[in-house]
Amino acid sequence: MSQMDLNSSLLLKHSSQLDAAEANIGLVALAGLYQELVGEHPSVLSDTESAVNRLVEALDKASKANGGRALRILLNDEGALYFSALKGGEVEPAEANPAMGLRGVSRFASQVGKPGFIFECNVLKSAIEDKNIAIEIVVPFIRTSSEAATMIDLLAEQGLCRGAKGLKVLLACQLPSNALLAESLLAYFDGVIIDVDCLASFTLGVDFDCTALPYIFTKHNEAVRGLILDTIKKTQSSEKPVLVLLNEQDKKVIELVDGAGVELIFK
């Protein structure tokens, strides 16, 4: 199967990817752009307005490269290791297991994470209101149905109300609970993006950086395959779009979802 046969797009993580005259952008990783273009911990930003403008300009360029199609933007899904490495990151509290700690809505609602969440919401609002960019928000690390409700409320508090002026909010399926609870979670979201790497890591209990267990981390493991297919089935039954984020080298996963009517987003 060649890439030409696939309904595929790319994950935008760095502004250098926009040097091409045109790009089919399936997802924008705000964490990557923030690290590159801002680089300071959100709690200690020295010039918030300038930082917002830099990211909005990058999104404007991405929107034009994407032919004006809606940009799906993944809110920062990183944990303590990412934030502590930023300038001023010493304000970040230590976590025994950052991969399973403050991420997603739990971070956005926390004292240390709220400034970053508000900042990202201001970036999105400026992109929508000042640049007239069509945006769909993708939210990471939703662990429970109650967290899904909280996430929608947090966005509304910042003026990003799901459904208002057609604003869509999608779920990043990164955890086994997302797949298992997909039917109830889809009441809060307008679609799903399956993050194969994260889903496989948490399903198999293998850290990305663990080199001692390479034989275990196989993304076509039957448990991972089952969760991917189940999520696709539940999402399509709800008549909502489902996309799959993966690497081009994940041939067996590509073969698994081929013909399922999903869009692939290549990292």
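In this predicted model, helix H6 covers residues 145-157, and because each of its 13 residues should add 1.5 Å, the helix is expected to span 18 Å, which agrees with the 19 Å that separate its end C-alpha atoms. The notes below begin with that helix, then turn to a barrel in which 8 strands close in the order E1-E2-E3-E4-E5-E6-E7-E8 with parallel pairing, and end with two single residues, Thr235 and Glu248.

**Helix H6**

- The buried residues of H6 include Glu147, Ala148, Met151, Ile152, Leu154 and Leu155, and, when the helix is viewed down its axis, the buried residues fall within an arc of 160 degrees, so they line one face of H6.
- As background to this pattern, an α-helix has 3.6 residues a turn, so residues three or four places apart point the same way.
- The elements against which the buried residues of H6 pack are helix H4 (105-108), helix H5 (114-130), strand E4 (135-139), strand E5 (168-173) and helix H8 (182-185).
- Just after H6 comes Gly159, which takes a positive phi of about 85 degrees.

**The barrel**

- The 8 strands of the barrel pair in the parallel sense, and the twist from one strand to the next averages 25 degrees.
- Helix H1 (residues 30-37) packs on the sheet, where it touches strand E2 (25-29) and strand E3 (71-74), and the direction of H1 makes about 55 degrees with that of E2.
- E5 and E6 run parallel and are joined by 3 bridges, and Leu171 has Val192 in E6 as its bridge partner.
- In general, the strands of a sheet pair through backbone hydrogen bonds, and this pairing can be either parallel or antiparallel.

**Strand E7 and its neighbours**

- Strand E7 is mostly covered, since 5 of its 5 residues are buried; Val242, Val244 and Leu246 lie on one side, while Leu243 and Leu245 lie on the other, and both faces are covered.
- Strand E6 (residues 192-195) runs parallel to E7 and is joined to E7 by 4 bridges, and within this pairing Asp195 stands opposite Leu245 in E7.
- E7 also pairs in the parallel sense with strand E8 (residues 263-266), over 4 bridges, and here Leu243 has Glu263 in E8 as its bridge partner.
- Taken in order along the chain, E7, H11 and E8 make a right-handed β-α-β unit.

**Helix H9**

- In helix H9 (residues 196-204), the buried residues are Val196, Asp197, Cys198, Leu199, Ala200 and Ser201, and what covers them includes E5, helix H7 (176-180), E6, H10, E7 and H11.
- Gly205 follows H9, and the phi of Gly205 is positive, near 70 degrees.

**Two single residues**

- Thr235 is found in helix H10 (residues 222-237), and because its relative accessible area is 0%, Thr235 counts as buried, the cut-off being under 20%.
- If residues up to four places away in sequence are not counted, Thr235 touches Leu186, Val192, Lys240, Pro241 and Val242.
- Glu248 lies in the loop between strand E7 (242-246) and helix H11 (251-257), and at 32% relative accessibility Glu248 counts as partly exposed, because this value falls between the 20% and 50% limits.
- Although Glu248 and Phe266 are 18 residues apart in sequence, the C-alpha atoms of Glu248 and Phe266 are 5.9 Å apart in space.

Technical notes:
Residues are numbered from 1 along each chain as its sequence is written. This is a predicted model: local features need pLDDT of at least 70, side-chain atom pairs count only at pLDDT 80 or more; totals for chains, interfaces and linings use all residues. Side-chain values use heavy atoms; hydrogens and water are left out. Helices (H or I, at least four residues) and strands (E, at least two) are DSSP runs, numbered from the N terminus. The expected span of a helix is 1.5 Å times one less than its number of residues. Buried means under 20% relative accessible area, exposed over 50%, partly exposed in between (1.4 Å probe, protein chains only). The arc is that of the directions from the helix axis to the C-beta atoms. Contact means heavy atoms within 4.5 Å. Two strands pair if DSSP finds at least two bridges between them. A crossover is right-handed if, with the strands pointing away from the viewer, the path from the first strand over the helix to the second runs clockwise. Axes are lines fitted to C-alpha atoms, for helices over the stretch in contact, and angles run from 0 to 180 degrees between N-to-C directions.
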